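Here are my notes on the model you sent over. I've kept them as numbered points so you can check each one against the coordinates.

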Amino acid sequence: LLHLTTCRFRVYSGTMKTFCAVLVVLAALCATAQAGSLCKDVKVSSKSFSTSEMVTSTSTVFVAQFSLECGGKAVQGANLQGVVNGNVVNVATAGADYEASWTGAHHTAPSGTYKVDFYDEDAFAAYTAAQRSGDALPAGVFSISIAHSAASAGQLWVQTSFLAIVSLLGAFLFAQSFKSKIVDA
């Protein structure tokens, strides 16, 4: 077997130089092809969360956390994109753990199941090409469903900010009346 560093440090005749150049190009192509796509039978382990209460938040947040396995081995550092209702969602990665999240206004996030289709680099390139040309959009490499109950107003029938202002106003009036009693006495 020929070691690639041998090609780099020694000068050979034309045939050997060509052979070494072809080996380097093939190695680079194999590395690129392997980095861009996941295996066909990827195994997904996931958990998901969404905002359930309007009182403590200004918008609805959706989070999908997951890990991937190909051939029994954890997939690390895959470059993934998610698509939810036609909107692209970036995917963060930390080792073998992945997370996709997005937000929306409470009134635009009704209860139901939200399907997130995930694409690797090759599949996402095909997705964007189909989107530009108006062709049918390809399916993702895998998908995760997030069950969401619309965010409720909770137990309070008024906003917490209103309660805070009323409480401060009450405290101010109490302090003023107490001050008046001390000054009059």
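1. Aromatic pairs. Searching the whole structure, which is a predicted model, turns up ten aromatic pairs. Have a look at F66 and Y98 to begin with: the ring centres sit 5.4 Å apart and the planes make an angle of 10°, so this pair is stacked, the cut-off being under 30 degrees. In sequence the two are 32 residues apart, with F66 in strand 2 (residues 60-70) and Y98 in strand 6 (residues 97-104), so to speak a link between distant parts of the chain. Both F66 and Y98 are buried.

2. A second partner for F66. F66 also pairs with F118, and here the geometry is tilted, with 4.8 Å from centre to centre and 55° between the planes. This pair links distant parts of the chain as well: F118 belongs to strand 7 (residues 112-119), and F66 in strand 2 is 52 residues away from it in sequence. How buried are the two? F66 has a relative accessibility of 2%, and since buried means under 20%, F66 counts as buried. F118 is buried too, at a relative accessible area of 0%. If you want to select the whole group in your viewer, the aromatic cluster is made up of F66, Y98, F118 and F142.

3. The chain overall. How many helices and strands are there in the protein chain? The count is four helices and eight strands. Reading from the N terminus, the order is α-α-β-β-β-β-β-β-β-α-β-α. Of the contacts in the chain with a separation of 6 or more, 63% are between residues 24 or more positions apart. Buried residues account for 24% of the 185 residues. The accessible surface is about 12600 Å², and carbon and sulfur atoms contribute 59% of that.

4. V89. This residue is in strand 5 (residues 87-94) and is buried, with a relative accessible area of 5%. Leaving aside residues up to four places away in sequence, V89 touches Q81, G82, V84, A100, S101 and W102. For W102, the C-alpha to C-alpha separation from V89 is 6.8 Å, with their positions 13 residues apart along the chain.

5. F49. Buried or exposed, or something in between? F49 is partly exposed, with a relative accessible area of 42%. Its place is in strand 1 (residues 43-50). Again not counting residues up to four places away in sequence, the contacts of F49 are V61, F62, V63, Q65 and I146. The C-alpha atoms of F49 and S101 are 9.4 Å apart in space, while the two residues are 52 apart in sequence.

6. Into helix 3. D120 is in the loop between strand 7 and helix 3 (121-133). At 6% relative accessibility, D120 counts as buried. Which backbone atom does the side chain of D120 reach? The partner is the backbone nitrogen of A123, at 2.9 Å.

7. Helix 3 itself. The helix has 13 residues and spans 18 Å from first C-alpha to last, close to the 18 Å expected at 1.5 Å a residue. Its buried residues are A123, F124, Y127, T128 and A130. Why call this one side of helix 3? These residues cover an arc of only 160° around the axis, so they are on the same side of the helix. As general background, an α-helix has 3.6 residues a turn, so residues three or four places apart point the same way. The cover over the buried residues of helix 3 includes strand 4 (81-84), strand 5 and strand 7.

8. Two positive phi values. Just after helix 3, G134 has a positive phi of about 80°. N85, in the loop between strand 4 and strand 5, also has a positive phi, near 50°, and N85 is a residue other than glycine. That's worth a glance, as most residues other than glycine have a negative phi. N85 counts as exposed, with a relative accessibility of 64%.

How values were computed:
Residues numbered from 1 in each chain as written. Predicted model: local features only at pLDDT ≥ 70, side-chain atom pairs only at ≥ 80, totals over all residues. Heavy atoms only, no water. Phe/Tyr/Trp six-rings, centres within 6.5 Å; stacked < 30°, edge-to-face > 60°. Buried < 20%, exposed > 50% of the residue type's maximum accessible area, 1.4 Å probe, protein only. Contact = heavy atoms within 4.5 Å. Polar contact = N/O pair within 3.5 Å; in protein donor to acceptor, adjacent residues only side chain to side chain. Expected span 1.5 Å × (residues − 1). Arc of directions from axis to C-beta. Areas by Shrake-Rupley, 256 points an atom, 1.4 Å probe, with all protein chains shown as cover.
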